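Work through the exercises below with the structure in view, and try each task before you read its solution.

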Amino acid sequence: PGPPELDVIAHAQRLPRAAADGSLALIVLHDTTALRRAERMRADFVANASHELKTPIAGLLGFIETLRGPARDDAAARERFLGIMAEQADRMRRLVDDLLMLSRIEQHEHARPDAAVDLGRVLAGVGDLLQLKASSRKVTLELAVEPTLPAAVGDYDELTIVFQNLIDNAIKYAKPATTVRVTARPAGEDRVSVAVADESDGIPAAHLPRLTERFYRVDTARSRQLGGTGLGLAIVKHVVNRHRGRLEIQSTPGKGSVFTVTLPAAISQK
Ligand code: ADP
């Protein structure tokens with residue numbers, strides 16, 4: 001940890017005050033703490049992203065060397081190594097895709113998407129996409145969309161990414177032979193909510209507040225082994241914020257987790 005930032009005083013503004021002789025003094029102190037924190041986070045992020053990319057690159061280079069040398073005439077080893085290399089390259093591709101997605105969302109952070117989005121359609125599409133993965137992990141995927149569900153206000157593709165990430169996580173971290181339940185319903189007068197519930201070991205409470213930070217993982221080795229980039233929930237949070245929505249995470253150790261996204265409904269938009 002660096003030295004405390006002593007030059008920063010957060011008494012941001014004071015009103016002009018008249019001294020006894022009637023002269024005025026205006027004191028403006030700039031608070032640079034937030035700025036510095038943002039700079040440090042950005043530097044950390046670049047370092048983390050580079051490190052995440054370096055690992056598969058080092059792996060690939062190592063296998064290339066082996067294929068050129070010791071494994072040159074070993075057809076079986078060659079096949080096996082090429083398989084691993086394809087996996088490493090795929091991991092790099094996923095990481096770069098997620099990084100690009102994050103940067104695209106950040107660039108438009110303040111523009112609010114305003115199309116009417118049929119969440120039933122979004123969820124059905126994501127369900128189709130992830131059905132195979134669910135089956136291969138012996139997880140049953142259950143979608144329940146209330147027939148009276150109003151459209152959400154937002155962006156179809158971005159909301160697809162949100163639920164793809166949440167449902168993919170639920171399938172990834174669920175215990176085998178359990179059910180992932182996705183429930184979409186109206187929430188109050190002018191909002192809609194989608195809850196994604198899994199049956200899993202759950203997430204210890206201490207991790208919950210940091211879960212949406214970039215590259216934050218409860219178990220890094222497990223996340224990597226399951227193909228995670230550590231950026232999924234950061235993307236979810238950014239998109240939900242941009243939609244003026246809310247992400248709520250509840251988890252019961254030993255039982256499972258529920259990730260609930262609440263979004264503005266189209267009915268409130270005149
Ligand atoms: P990853 O690509 O590692 O899954 P995410 O950003 O999607 O990254 O999630 C961050 C971390 O939160 C994961 O590494 C995992 O530890 C935890 N996590 C996310 N979703 C779940 C879930 N449904 N059950 C248990 N842990 C989860």
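The exercises that follow go from the overall form to the core, one buried residue, and the empty spaces.

The model is predicted, and local features need pLDDT of at least 70, side-chain atom pairs count only at pLDDT 80 or more, while totals for chains, interfaces and linings use all residues. Residues are numbered from 1 along each chain as its sequence is written, and side-chain values use heavy atoms, with hydrogens and water left out.

**Exercise 1. Overall form**

Task: Describe the secondary structure of the protein and decide whether the protein is spread out or compact.

Solution: Begin with the elements: the protein has six helices and nine strands, where helices (H or I, at least four residues) and strands (E, at least two) are DSSP runs, numbered from the N terminus. Next, take the radius of gyration, which is computed over C-alpha atoms and set against the globule rule of 2.2 Å times the number of residues to the power 0.38. For 270 residues that rule gives 18 Å, whereas the radius of gyration of the protein is 24 Å, well over that value, so the protein is more spread out than a compact globule. Finally, the C-alpha trace spans about 95 × 55 × 35 Å along its principal axes.

**Exercise 2. The nonpolar core**

Task: Find which helix gives the largest share of the largest nonpolar core.

Solution: First fix the terms: a nonpolar core is a set of buried Ala, Val, Leu, Ile, Met, Phe, Trp, Tyr and Cys residues joined through side-chain atoms within 4.5 Å, and buried means under 20% relative accessible area, exposed over 50%, and partly exposed in between (1.4 Å probe, protein chains only). The largest core has 48 residues, and among those that touch the most other members are Val162, Phe163 and Leu166. The largest share of this core, eight residues, comes from α4. Now look at Val162: leaving out residues up to four places away in sequence, Val162 touches Val236, Val239, Val240 and Val261, where contact means heavy atoms within 4.5 Å.

**Exercise 3. A residue in a strand**

Task: Work out why Thr262 counts as buried, and list what Thr262 is in contact with.

Solution: Locate Thr262 in strand β9. Its relative accessibility is 15%, and therefore Thr262 counts as buried. Beyond its neighbours within four places in sequence, Thr262 is in contact with Ala187, Arg191, Val192, Ser193, Gly245 and Arg246.

**Exercise 4. Pockets and a cavity**

Task: Describe the largest pocket, the second largest pocket and the largest cavity by volume and lining.

Solution: On a 1 Å grid over the protein atoms alone, a cavity is a set of points where a 1.4 Å probe fits but cannot get out, and a pocket is an open set with protein on both sides within 12 Å along at least five of seven lines, while lining residues have an atom within 4 Å of a point. Grid points are joined across faces, edges and corners, and a volume is the space filled by probe spheres set on the points.

- The largest pocket holds about 1100 Å³; 45 residues line this pocket, with Asn165, Asp168, Asn169, Lys172 and Tyr173 nearest its centre, and α4 supplies the largest share, nine residues.
- The second largest pocket holds about 470 Å³, and its 16 lining residues include Met41 and Arg42, which are among the closest to its centre; α1 gives the largest share, six residues.
- The largest cavity holds about 60 Å³, and α2 contributes the largest share of its lining, four residues.
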